[in-house]
Amino acid sequence: MNAAFGFVKKYKVFILGILIWLVPVLVGTLMYLWYEPAQTQDTSEISVSVQETSYMENPEKAKDYVKPVTVCLTASAQDEIWRGSAVIWDQTQEELIIATSAHLLEYANEQLTVSFDADTAAEAAVVGVSDNHDVGFVSCKKELLDDAFLEQLRYVRLHQRTFDTLLSGDECFTVGCSIEGVADVMQTLTLVQLSYSEDEIGENLFLLEGACEAGMSGSGLYDGYGNFIGMLIASDETDTLALTMEQVNEAYREVTGNVRSTEDY
């Protein structure tokens, strides 16, 4: 006993130093075991998915798949406002790329807004317009939208194989925007000619039987599965004209240098 007491007395400074170092280590170890470390937040950009389509031809079901790709563009200039329909065409890591009719973008020299639904809108910017087709492209930064809302959006699906099977007489449909709403107008159209030309409008267009409302320019045209096959650019009381999916893709390459793949997904 005396020997042990003597050892402690002789080396008490050394022992005290060890204890001072050891206690924080033990406490820190216990805290690590008792408390789960905080998770690192994922700050990666959210990627929008391509739209779903029907496995079998079903236009009524396909219309629901098309709504998340349909948006409204509002352009203002000199105290005047123009509204038109558009589709989410593609995306980059930071932006959504939206396609619409070029004649709407002629008025977008002051402010351009994209409305995704009745409650969600964001500022947009013109990327460019085609010199060969009545189509232009707009960008909207993803950071302007809530992450949960962004995950619900889709961009149009292209399907070359079904596009190549289109025939005169096939029923198509379009989903666009009324003067006051977003994706609230649906119209069934019948494909009359696959390569129609009209002066001052264009060549190799789709001619469709059926009229569309004001503000429908820029709306997507879809087959019975919901695949994007074209874009509306003009209509009268009886007929509608549309660019083809391939022409919109050509314009995308012309304006941005990029092109959407049209192979089967």
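How many helices and strands does the protein chain have? Keep that in mind as you open the model, which is a predicted one.

**Exercise 1. Describe the chain as a whole.**

*Solution.* Start with the secondary structure: there are 7 helices and 15 strands in the protein chain. Next, turn to burial: the chain has 265 residues, and 43% of them count as buried. Finally, look at the contacts with a separation of 6 or more: 63% of them come from residues 24 or more positions apart.

**Exercise 2. Find the largest pocket and say what lines it.**

*Solution.* Begin with its volume, which is about 440 Å³. The lining has 22 residues, and those closest to the centre are Thr53, Ser54, Tyr55, Tyr225 and Asn227. Then ask which elements give two or more residues to this lining: they are helix H3 (59-66), helix H6 (160-163) and strand S10 (171-176). Sorting the lining by class gives 6 nonpolar, 8 polar and 8 charged residues.

**Exercise 3. Do the same for the second largest pocket.**

*Solution.* Here the space is about 220 Å³. His103, Ala214, Gly215, Met216 and Ser217 lie nearest the centre, out of 18 lining residues. At least two lining residues come from each of strand S3 (80-91), helix H4 (102-105) and strand S14 (228-235). Among the elements, S14 gives the most, with 4 residues. By class, the lining of this second largest pocket divides into 10 nonpolar, 6 polar and 2 charged residues.

**Exercise 4. Work through the aromatic pair of phenylalanine 116 and phenylalanine 149.**

*Solution.* First, the setting: the count for the structure comes to 8 aromatic pairs. For this one, the ring centres are 6.1 Å apart and the planes make an angle of 80 degrees. Planes over 60 degrees apart count as edge-to-face, and the pair is indeed edge-to-face. Now locate the partners: phenylalanine 116 lies in the loop between strand S5 (111-115) and strand S6 (121-123), while phenylalanine 149 is in helix H5 (residues 147-150), so the pair ties together parts that are 33 residues apart in sequence. As a last step, check burial: both phenylalanine 116 and phenylalanine 149 are buried.

**Exercise 5. Place tryptophan 89 among its aromatic and charged partners.**

*Solution.* Take the rings to begin with: Trp89 belongs to one aromatic cluster with Phe137, Phe173, Tyr222, Phe228 and Tyr252. Then look for a charge: the charged end of arginine 260 sits over the ring of tryptophan 89, at 5.5 Å from the ring centre.

**Exercise 6. Describe the surroundings of valine 129.**

*Solution.* Valine 129 is in strand S7 (residues 125-129). Its relative accessible area is 38%, so valine 129 is partly exposed. Setting aside neighbours within four places in sequence, the contacts of valine 129 are Ala102, Leu105, Val135, Gly136 and Val255. For a distance across the chain, take threonine 100: its C-alpha atom is 9.4 Å from that of valine 129, although 29 residues separate them along the chain.

**Exercise 7. Compare two residues with positive phi, alanine 183 and glutamate 200. Which is buried, and which is exposed?**

*Solution.* Check the backbone angles: phi is about 55 degrees at alanine 183, which is not a glycine, and about 70 degrees at glutamate 200, also not a glycine. Next, the locations: alanine 183 is in the loop between S10 and strand S11 (185-198), and glutamate 200 is in the loop between S11 and strand S12 (202-209). Then read the accessibility: alanine 183 has a relative accessible area of 11%, so this residue is buried. Glutamate 200 reaches 87%, so that one counts as exposed.

How values were computed:
Residues numbered from 1 in each chain as written. Predicted model: local features only at pLDDT ≥ 70, side-chain atom pairs only at ≥ 80, totals over all residues. Heavy atoms only, no water. 1 Å grid on protein atoms, 1.4 Å probe; cavity = no way out; pocket = protein on both sides within 12 Å on 5 of 7 lines; lining within 4 Å. Points joined across faces, edges and corners; volume = space filled by probe spheres on them. Nonpolar A, V, L, I, M, F, W, Y, C, P; charged D, E, K, R; others polar. Phe/Tyr/Trp six-rings, centres within 6.5 Å; stacked < 30°, edge-to-face > 60°. Buried < 20%, exposed > 50% of the residue type's maximum accessible area, 1.4 Å probe, protein only. Lys NZ or Arg CZ within 6 Å of the ring centre and 35° of its normal. Contact = heavy atoms within 4.5 Å.
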